[in-house]
Amino acid sequence: MGRYTGFIALGLMIAAAAVYSFLPADAPVDRASPPAPPQAEAPPSSRDEAKELGTSAASNVPQGSGFDFYVLSLSWSPTFCDGEAAGRNREQCGGSKDFGWVVHGLWPQNEQGWPENCPTPEGSRVPERIGRTVIDIMPSMGLIGHQWRKHGSCSGLSMNDYFKLVRQAHDAIRIPTEFSEVDIESRTSPQAVEAAFVRSNPGLTRSAVAVTCDRERVDEVRICLDRSLGFRACPEVDSRSCRRSEITIPPTR
């Protein structure tokens, strides 16, 4: 048996080599490697970005019904406070109050005319908790309540959503720097005020804004918005613009 031992060992070695040749190669050792740097994304074009932002904004806007568009009325508070009605509104005009542009209202409007004082299950009284959400831009609970009863009730929105929309509409408008604060009385023209708002608000056109006057003083800037708060033309509103060649802007204080 001993003389065959060498042959047996040699045979086993040859068989092992044959079997090994058919086995798959060992997988490489799995070592942690630093992650590849992220690929920088190309910045969106301004058009794509505007479209994306516009879509996002529109999706958050409470959608009213029963009318064609809105008129956002921004009132120049010093003109109002110089008038006879100021004595009844101490919240806006009393003491050291120095408001500039305030929201007179957000009015549902039709191509011809407008609805007002509509029946609503929401009731007529605006709770203080809702009024407080806009008191900085509509500086009187009397004004807030009046605007809800006359205009907000016709929006097809709940009271809460209507005043949320008032806030969104106000915040969407950029006040021109030259008319944001007025320290001394100045003279200008309705056309100059309108042009300044158009320059300050991309997408706003002259056919979507009207400047009104109280005799020879600037009174309001009225901006037409669709139900998603985009600018839109409004010929009937525009036709009621102030026709004076010059108007004064009273100072805030």
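**Strand 5**

I started with strand 5 (217-225) in this predicted model. I wanted to know how many of its residues are buried. The count came back as nine of the nine, so strand 5 is largely enclosed by the rest of the structure.

Next I looked up what it pairs with. On one side I found strand 1, residues 69-76, running antiparallel to strand 5 and joined to it by six bridges. Strand 4 also pairs with strand 5 in the antiparallel sense, again over six bridges. I noted one residue pair for each: Ser73 has Arg222 as its bridge partner in strand 5, and Val209 stands opposite Ile223.

**Ser73**

I stayed with Ser73, which sits in strand 1. Its relative accessible area is 0%, so I have it down as buried. Leaving aside neighbours within four places in sequence, I listed its contacts: Val102, Val103, His104, Gly105, Trp107, Glu220, Val221 and Arg222. Strand 2 is 101-109, so I checked the list against that range: Val102 is one of the contacts of Ser73.

**The hairpin and its turn**

Back to strand 4 (209-214). Strand 4 and strand 5 form a hairpin, with two residues between them. Which residue in the turn has a positive phi? I found Arg215, at about 55°, and Arg215 is not a glycine. I flagged it because most residues other than glycine have a negative phi. Arg215 counts as exposed, since its relative accessibility is 60% and the cut-off is over 50%.

**Past the end of strand 5**

I then went to the loop between strand 5 and helix 9 (235-238), where Leu229 is found. Leu229 gave me another positive phi in a residue other than glycine, near 70°. Is Leu229 buried or exposed? I got a relative accessible area of 14%, so Leu229 is buried.

Gly230 has its place in that loop between strand 5 and helix 9 too. I have Gly230 as partly exposed, because its relative accessible area is 24%. Beyond four places in sequence, Gly230 touches Cys224 and Leu225. I also checked Gly230 against Ala172: they are 58 residues apart in sequence, and their C-alpha atoms are 9.3 Å apart in space.

**Nonpolar cores**

How many residues does the largest nonpolar core have? I read off 42, and the residues with the most contacts inside it are Met138, Phe163, Val166, Phe197 and Ile223. Elements that each supply at least two residues of this core include strand 1, strand 2, helix 6 (141-150), helix 8 (190-200), strand 4, strand 5 and strand 6 (247-249). Helix 7 gives the most to this core, with six residues.

I took Ile223 for a closer look. Not counting residues up to four places away in sequence, Ile223 touches Tyr70, Val71, Leu72, Leu74, Ile173, Phe197, Leu204, Ala208, Val209 and Phe231. Val209 is the residue I had already noted opposite Ile223.

Apart from the largest core lies another, of seven residues; I jotted down Phe69, Val71, Ala210 and Val237 among them.

**The cavity**

I asked how many cavities of 30 Å³ or more the structure holds. There is one. The largest cavity has about 40 Å³ of space. I wrote down its lining: Val71, Trp107, Gln109, Arg222, Val237 and Arg240. By kind, that lining divides into three nonpolar, one polar and two charged residues. Some names I knew from earlier entries: Arg222 is the bridge partner of Ser73, and Val71 and Val237 are among the residues of the seven-residue core.

**Two more lookups**

Thr188 lies in strand 3, residues 186-188. I have Thr188 as buried, because its relative accessibility is 16% and buried means under 20%. Not counting residues up to four places away in sequence, Thr188 touches Phe179, Val193, Ser245, Glu246, Ile247 and Ile249.

Last was His146, whose place is in helix 6. His146 is partly exposed, with a relative accessible area of 39%. I looked at its distance from Asn117 as well: the two are 29 residues apart along the chain, and 9.7 Å separates their C-alpha atoms.

Conventions:
Residues are numbered from 1 along each chain as its sequence is written. This is a predicted model: local features need pLDDT of at least 70, side-chain atom pairs count only at pLDDT 80 or more; totals for chains, interfaces and linings use all residues. Side-chain values use heavy atoms; hydrogens and water are left out. Helices (H or I, at least four residues) and strands (E, at least two) are DSSP runs, numbered from the N terminus. Buried means under 20% relative accessible area, exposed over 50%, partly exposed in between (1.4 Å probe, protein chains only). Two strands pair if DSSP finds at least two bridges between them. On a 1 Å grid over the protein atoms alone, a cavity is a set of points where a 1.4 Å probe fits but cannot get out, and a pocket is an open set with protein on both sides within 12 Å along at least five of seven lines; lining residues have an atom within 4 Å of a point. Grid points are joined across faces, edges and corners, and a volume is the space filled by probe spheres set on the points. Ala, Val, Leu, Ile, Met, Phe, Trp, Tyr, Cys and Pro count as nonpolar, Asp, Glu, Lys and Arg as charged, and the others, Gly among them, as polar. Contact means heavy atoms within 4.5 Å. A nonpolar core is a set of buried Ala, Val, Leu, Ile, Met, Phe, Trp, Tyr and Cys residues joined through side-chain atoms within 4.5 Å.
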